[in-house]
Protein chains: 2
Amino acid sequence: MDIKEVGKLAGVSKATVSRVLCNSPLVAKGTRKKVLDIIEQVNYLPNYLARSLKVKATKTIGVVVPDIGNPFYFEVIRGIEKILDKENFSIMLCSSDYNEKKEMRYISLLASKKVDGLIVAPVSEESKGVDNLIKWEIPFIVFDLPQKRLKINSIFVDHSKCSYMATRHLIENGHKNIIAIDFLKHSQASSRFISGYLKALNENNIPLKPELIIEEEANIMGGFKAIKKFLAKKTFFTGAITVCDLSAVGIYKAARKFNFRIPDDVSVIGNDDIPLSKYLNPPLTTIHQPSYLLGYKSAKSLLKQIQNKTDNNVEVTELDVRLIKRSSVKKL
Amino acid sequence: MDIKEVGKLAGVSKATVSRVLCNSPLVAKGTRKKVLDIIEQVNYLPNYLARSLKVKATKTIGVVVPDIGNPFYFEVIRGIEKILDKENFSIMLCSSDYNEKKEMRYISLLASKKVDGLIVAPVSEESKGVDNLIKWEIPFIVFDLPQKRLKINSIFVDHSKCSYMATRHLIENGHKNIIAIDFLKHSQASSRFISGYLKALNENNIPLKPELIIEEEANIMGGFKAIKKFLAKKTFFTGAITVCDLSAVGIYKAARKFNFRIPDDVSVIGNDDIPLSKYLNPPLTTIHQPSYLLGYKSAKSLLKQIQNKTDNNVEVTELDVRLIKRSSVKKL
DNA sequence: ATGAAAGCGCTAACAC
DNA sequence: GTGTTAGCGCTTTCAT
């Protein structure tokens with residue numbers, strides 16, 4: 001069933017049907033009703049594919065995040081959804097699994113599907129996918145990880161600041177042997193998370209022990225594995241910072257399994273402050289990141305970009321983070 | 001940049017370009033290379049919109065869930081994503097916010113965008129959106145809430161069984177005054193959650209007190225509000241069952257705010273067993289639902305449906321649930 | 001092995 | 001106000 005057929009049944013041309021579908025004022029009241037009745041009757045469903053091909057807009061935007069299973073990104077997506085829904089845009093969601101190849105593939109895919117724009121949380125600071133977006137002249141905005149090449153719309157949080165604050169807080173509480181659990185990089189990108197950690201150690205004249213740094217998947221299992229490895233190597237530590245709260249939960253898991261206590265035996269500080277962190281046992285001390293806002297602002301900015309094609313000035317916004325003290329850190 | 005232009009640059013017709021794009025064997029090796037080189041050179045991006053219009057398939061499926069912010073649905077989506085990704089399908093994600101109107105709107109939207117199929121967790125047992133899907137002859141599968149009209153592909157969990165098990169467990173622990181926090185219905189649909197609760201009370205000769213039943217949004221805030229209202233009315237209770245773990249967390253929140261203890265003052269049992277429940281303080285006793293599997297199986301079944309158009313037998317699968325005893329219930 | 005041409009379902013410019 | 005028509009960018013017969 002297409003507009004042509006609807007037109008035939010209503011005794012008008014397909015152009016007229018199209019007009020009533022688009023709410024064009026150029027159609028007589030009676031005709032409109034006639035057409036609408038037929039549409040109702042035959043349960044006609046417009047084909048947006050055809051429409052999009054013609055008008056060169058799909059009213060959908062693509063979102064690619066590193067891990068759809070992380071509540072942090074969920075919050076971001078909620079923020080995106082909130083504003084996109086208002087403007088009748090749909091979301092196409094992809095999870096790159098912290099994999100640059102996959103990220104690249106998804107970005108191409110979404111571009112081919114002619115999304116009107118993309119919101120991407122790149123896996124590295126030099127995403128090849130982002131380079132292509134520029135080449136293809138597709139509106140997009142990057143969040144979470146700032147990209148090194150400056151002139152790109154982005155809104156982010158300084159990850160090195162997060163790890164710096166966490167490490168410093170631990171140091172202030174008398175900790176010197178602090179492990180850092182970063183996310184697993186599928187390339188040898190430099191890590192802002194580690195650089196903040198280093199800075200804090202440095203400022204306090206604590207020599208770096210490289211064996212205290214580890215990379216694992218940024219989820220519960222990853223955090224668990226990290227601790228398992230440290231324990232196996234009999235590494236001594238009293239504090240831990242993690243790249244995300246989920247990894248910190250992995251430490252909680254390890255604590256039950258290997259019989260150590262948080263914070264009595266090890267103090268832990270997470271990063272991102274997912275909604276459930278405050279209800280953990282013990283409530284997790286963490287660095288709060290404005291995840292919902294990250295999504296909200298990204299979507300808003302992208303939409304603006306899509307709507308006023310003219311306005312080409314780039315916006316780079318850094319959002320604040322703050323330390324949330326709860327009960328997973330003990331003073332030595 | 002389109003295939004015609006690419007063809008011109010490569011000195012062939014657009015038909016030939018299309019053939020190399022589709023990996024057709026009917027193109028000479030040399031020609032293929034020539035075309036591929038140009039494509040690479042000019043950074044050509046195929047337009048899947050046009051392709052989809054022609055081949056009548058979009059390689060994307062629509063997913064509509066009641067609440068994208070609930071980790072339970074996240075898990076489901078992870079399961080869906082897992083298998084769809086393997087088959088190179090994309091996901092269009094929508095959140096109906098437990099609102100039937102919105103659910104209907106999204107289903108129409110996705111249908112208009114010509115998704116190849118839909119996975120929907122309907123808000124009610126008689127979803128109007130689902131009715132339309134049948135009319136439009138679009139492949140789909142329903143999960144979570146079984147629909148009353150039988151002949152529909154679905155895979156679900158019996159919610160009345162969940163609440164029954166939870167209530168019974170509380171009764172076995174000596175509780176008689178048990179509140180039930182259901183999700184907020186925007187229509188007056190009957191609730192399977194409540195019916196299981198009723199059944200357990202009945203079997204144990206505990207008279208129903210209607211004032212112990214409440215409907216709130218199925219999230220942390222909703223659970224919190226429910227308790228606030230009970231407290232305001234000085235309702236007496238020692239146990240609580242909730243429609244999802246997030247609502248149970250709302251009780252945890254209320255416990256801190258209003259100074260009661262879990263499980264000493266009130267025992268609580270959640271429902272769905274989100275990944276973080278075991279790390280809560282105290283670890284939450286709950287009914288485990290196979291969320292990831294729900295998504296995984298739904299996607300698998302939908303894909304089968306899409307691929308063998310012939311095979312029209314419907315599959316109705318009920319998945320098992322089980323009580324997970326942790327530490328949020330106290331024996332009276 | 002390649003090209004010409006029809007057509008997927010729609011919109012919009014143009015004619016009346 | 002309404003109809004006719006030319007595309008949007010692609011795939012796919014049908015010729016050659």
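Helices and strands are DSSP runs, with at least four residues for a helix and at least two for a strand, and they are numbered from the N terminus. The exercises below concern a predicted model.

**Exercise 1. Find which elements of chains A and B line the surface near DNA strand C, and describe that surface.**

Solution. Begin with the elements: helix H2 (14-21) and H4 of chain A, together with helix H2 (14-21) and helix H4 (48-55) of chain B, each supply at least two residues of this surface. Next, look for the main contributor, which is H4(A), since the largest share of the surface, 5 residues, comes from that helix. Then turn to single residues: of the 24 residues around DNA strand C, those that come nearest are Asp2(A), Ser18(A), Asn47(A), Ala50(A) and Ser13(B). Finally, sort the surface by class, which gives 14 nonpolar, 5 polar and 5 charged residues.

**Exercise 2. Describe the contact between chain A and chain B, and work out how the two copies are related.**

Solution. The first step is to count, and the contact takes 38 residues from chain A and 38 residues from chain B. On the side of chain A that touches chain B, the elements that give two or more residues are helix H4 (48-55), helix H5 (71-86), strand S2 (90-95), helix H6 (100-112), helix H7 (128-136) and helix H11 (245-258). Of these, S2(A) gives the most, with 6 residues, and by class this side of chain A has 25 nonpolar, 8 polar and 5 charged residues.

The second step is to follow S2(A) across the boundary, where 3 bridges join it to strand S2 (residues 90-95) of chain B, and the two strands run antiparallel. Within this pairing, Ile91(A) stands opposite Leu93(B) in S2(B).

The third step is to superpose the copies: a rotation of 180° with 0.0 Å of shift along its axis places chain A on chain B, with an RMSD of 0.1 Å. That is the relation of a two-fold axis. Moreover, 100% of the interface residues of chain A are also interface residues in chain B, so the copies meet through the same surface.

**Exercise 3. Show how strand S3 (residues 117-120) of chain A is placed between its partner strands and within the nonpolar core.**

Solution. Start with the pairing on each side: 4 bridges join strand S1 (residues 60-65) of chain A to S3(A), and these strands run parallel, while 3 bridges join S3(A) to strand S4 (residues 140-144) of chain A, again in parallel. Ile119(A) in S3(A) can be followed through both pairings, as Val63(A) stands opposite it and Ile119(A) in turn stands opposite Ile141(A) in S4(A).

Now consider the two faces of S3(A), both of which are covered, with Gly117(A) and Ile119(A) buried on one side and Leu118(A) and Val120(A) buried on the other. The largest nonpolar core has 166 residues, and among those with the most contacts inside it are Val63(A), Leu118(A) and Ile119(A). Leaving aside neighbours within four places in sequence, Ile119(A) is in contact with several residues, including Ile61(A), Ile80(A), Phe143(A) and Leu302(A). In soluble globular proteins, nonpolar side chains tend to be buried together.

**Exercise 4. Decide whether Ile83(A) counts as buried, exposed or partly exposed.**

Solution. First locate Ile83(A), whose place is in helix H5 of chain A. Its count is 18 C-beta neighbours inside 10 Å, whereas a buried residue needs 20 or more and an exposed one has 12 or fewer, so Ile83(A) counts as partly exposed. Not counting residues up to four places away in sequence, Ile83(A) touches Tyr296(A), Ala299(A) and Lys300(A).

How values were computed: Residues are numbered from 1 along each chain as its sequence is written. Chains are lettered from A and ligands numbered from 1 in the order in which they are written. This is a predicted model: local features need pLDDT of at least 70, side-chain atom pairs count only at pLDDT 80 or more; totals for chains, interfaces and linings use all residues. Two residues are in contact if their C-beta atoms, placed from the backbone, lie within 7 Å. Ala, Val, Leu, Ile, Met, Phe, Trp, Tyr, Cys and Pro count as nonpolar, Asp, Glu, Lys and Arg as charged, and the others, Gly among them, as polar. Two strands pair if DSSP finds at least two bridges between them. Copies are superposed by least squares on the C-alpha atoms of residues with pLDDT of at least 70 in both. A nonpolar core is a set of buried Ala, Val, Leu, Ile, Met, Phe, Trp, Tyr and Cys residues joined through C-beta atoms within 7 Å. A residue is near a molecule or strand if its C-beta atom, placed from the backbone, lies within 6 Å of it.
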